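Grab a viewer and work through a few exercises on this structure. Try each task yourself before you read the solution.

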Amino acid sequence: MNQHNFPRHVAIIMDGNGRWAISQGKQRIEGHAQGAHSVRQVVETCRKIGIRYLTLYAFSTENWERPPAEVEALMGLFLKYLESEQENFLKNDIRLRAVGDLSRLPEAVQLSLKGMLDATAHCSSLDLCLALSYGGRSEIVHAAKQIVRDVQKGLIQDPDSISENDIASRLYAPDIPDPDLLIRTSNEVRVSNFLLWQIAYSEIVISEKFWPEFDESEFMKCLEVYAGRDRRFGRTQNTSESSRELSSDEVGHSSAS
Ligand code: IPE
Ligand code: IPE
Ligand code: MG
């Protein structure tokens with residue numbers, strides 16, 4: 001695989017922790033704990049091969065409806081993960097980012113997150129973006145609210161002047177390019193409210209592995225499938241060479257190079 005064909009931004013729906021645990025005769029929460037090892041492997045691989053952005057779906061707005069004990073255990077694991085990774089992130093020049101309705105997270109998680117976001121803000125080799133308490137629909141509502149505020153301030157006057165970029169620029173992390181590759185594990189074929197706006201032209205790869213079994217080798221297989229895809233962005237060009245020739249302006253907010 002040619003490094004030229006690596007995606008710039010990979011987004012992952014880390015699914016199947018519970019089913020992995022049950023298959024091993026363990027409690028669901030043990031699957032979540034094991035999932036942290038897969039996170040470490042994928043982050044390390046991204047850093048090693050030079051992927052610039054990685055977004056991980058860790059907790060959805062809908063996941064708040066799970067049994068309170070599971071939600072509480074997950075929050076404890078997020079805290080543990082954040083606290084254990086600071087040194088590693090700094091050493092490897094990894095900038096932590098977070099998207100979602102973070103105000104719903106327990107205070108301890110918010111504080112730890114804020115500490116890590118600040119401490120790693122200068123890092124620039126990999127942006128690791130955690131989607132926490134995240135919903136794609138909520139994110140679009142958030143952008144719509146910002147637009148209404150700007151209308152009230154008189155910054156936007158003509159409704160016909162509103163463009164796709166006016167929405168894209170008001171999403172949670174507008175500087176992060178759209179994902180080139182979206183991976184979902186555990187053989188589920190659905191989007192589950194993840195990055196609804198940003199995945200308009202992402203390539204989707206489904207892995208049969210449960211998230212706790214997802215390792216560097218499975219990740220590389222997904223990247224190979226991606227490298228073989230012909231991205232056309234609605235155009236007629238049918239070679240990856242020609243799709244790479246499209247400038248980022250021509251393909252909207254997406255990154256074709
Ligand atoms: C993904 O694993 C982790 C979260 C959604 C927090 P699941 O907990 O959804 O595992 P399954 O899908 O029930 O196996
Ligand atoms: C999606 O997985 C959310 C995360 C991976 C954080 P879910 O397990 O919550 O999604 P559904 O319920 O199977 O669609
Ligand atoms: Mg699931």
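The model is a predicted one, and the exercises below go through its two ligand sites and then a handful of single residues.

**Exercise 1. Find the residues and polar contacts around ligand 1.**

Step 1. Start with the shell. Met14, Asp15, Gly16, Asn17, Gly18 and Arg19 are among the residues around ligand 1. The shell also includes Arg28, His32, Ala58, Asn63, Arg66 and Leu74.

Step 2. Look for polar contacts from the backbone. Glycine 18 has a polar backbone atom 2.9 Å from an oxygen atom of ligand 1. For glycine 16, a backbone N or O atom is 3.4 Å from an oxygen atom of the ligand.

Step 3. Now try side chains. Arginine 28 brings a side-chain N or O atom to 2.9 Å from an oxygen atom of ligand 1.

Step 4. Check how covered the ligand is. On its own, ligand 1 has 380 Å² of accessible area, and the protein covers 86% of that.

Step 5. Place the site in the fold. Ligand 1 sits in the largest pocket. Two elements, α1 (17–23) and α2 (28–49), give two or more residues to its shell. The top contributor is α1, with 3 residues.

**Exercise 2. Do the same for ligand 2: which residues surround it, and which arginines reach its oxygen atoms?**

Step 1. List the shell. Around ligand 2 you'll find Ile13, Met14, Asp15, Tyr57, Ala58, Phe59, Ser60, Asn63, Arg66, Arg184, Arg190 and Ser192.

Step 2. Pick out the arginine contacts. A polar side-chain atom of arginine 190 is 2.8 Å from an oxygen atom of ligand 2. Arginine 66 places a polar side-chain atom 3.3 Å from a ligand oxygen, and for arginine 184 the distance to an oxygen atom of ligand 2 is 3.3 Å.

Step 3. Look at the cover. The protein hides 78% of the 390 Å² of accessible area that ligand 2 has on its own.

Step 4. Find the pocket and the main contributor. Ligand 2 takes up space in the largest pocket. Strand β2 (residues 53–60) gives the most to the shell, with 4 residues.

Step 5. Compare the two lists. Arg66 is in the shell of ligand 1, and Arg66 is in the shell of ligand 2 too.

**Exercise 3. Is arginine 231 buried or exposed, and what does its side chain reach?**

Step 1. Locate the residue. Arginine 231 is in the loop between α7 (216–227) and α8 (240–245).

Step 2. Classify it. Its relative accessibility is 8%, so arginine 231 counts as buried; the cut-off is under 20%.

Step 3. Trace the side chain. One polar contact, at 3.0 Å, runs to the side chain of aspartate 180. The arginine 231 side chain also gets to the backbone oxygen of tyrosine 201, at 2.9 Å.

**Exercise 4. Look at the backbone of serine 133 and asparagine 193: what is the sign of phi, and where do these residues lie?**

Step 1. Take serine 133. Its phi is positive, about 55°, although the residue is not a glycine.

Step 2. Add the setting. Serine 133 belongs to strand β4 (residues 126–134) and is buried, with a relative accessible area of 1%.

Step 3. Move on to asparagine 193. Here phi is positive at about 65°, and again the residue is not a glycine.

Step 4. Add its setting. Asparagine 193 falls in the loop between β5 (181–184) and β6 (203–206). With 14% relative accessibility, asparagine 193 counts as buried.

**Exercise 5. Describe the surroundings of leucine 117 and leucine 111 in helix α4.**

Step 1. Put leucine 117 in place. This residue is part of helix α4 (residues 107–119).

Step 2. Work out its exposure. The relative accessible area is 24%, so leucine 117 is partly exposed.

Step 3. Find its contacts. Leaving out residues up to four places away in sequence, leucine 117 touches Leu96, Arg97 and Ala98. Arginine 95 is 22 residues from leucine 117 in sequence, with the C-alpha atoms 7.2 Å apart.

Step 4. Turn to leucine 111. Helix α4 holds this residue as well, and leucine 111 is exposed, at 57% relative accessible area.

Step 5. Finish with a distance. Leucine 111 and leucine 79 are 32 residues apart along the chain, and 9.5 Å separates their C-alpha atoms.

How values were computed:
Residues are numbered from 1 along each chain as its sequence is written. Chains are lettered from A and ligands numbered from 1 in the order in which they are written. This is a predicted model: local features need pLDDT of at least 70, side-chain atom pairs count only at pLDDT 80 or more; totals for chains, interfaces and linings use all residues. Side-chain values use heavy atoms; hydrogens and water are left out. Buried means under 20% relative accessible area, exposed over 50%, partly exposed in between (1.4 Å probe, protein chains only). Contact means heavy atoms within 4.5 Å. A residue is near a molecule or strand if one of its heavy atoms lies within 4 Å of it. A polar contact is a pair of N or O atoms within 3.5 Å; within protein, one must be able to donate a hydrogen and the other to accept it, and residues adjacent in sequence count only if both atoms are side-chain atoms. Accessible areas come from the Shrake-Rupley method with a 1.4 Å probe; for residues, only the protein chains shown count as cover. On a 1 Å grid over the protein atoms alone, a cavity is a set of points where a 1.4 Å probe fits but cannot get out, and a pocket is an open set with protein on both sides within 12 Å along at least five of seven lines; lining residues have an atom within 4 Å of a point. A molecule sits in a cavity or pocket if more than half of its atoms lie within 2 Å of its grid points.
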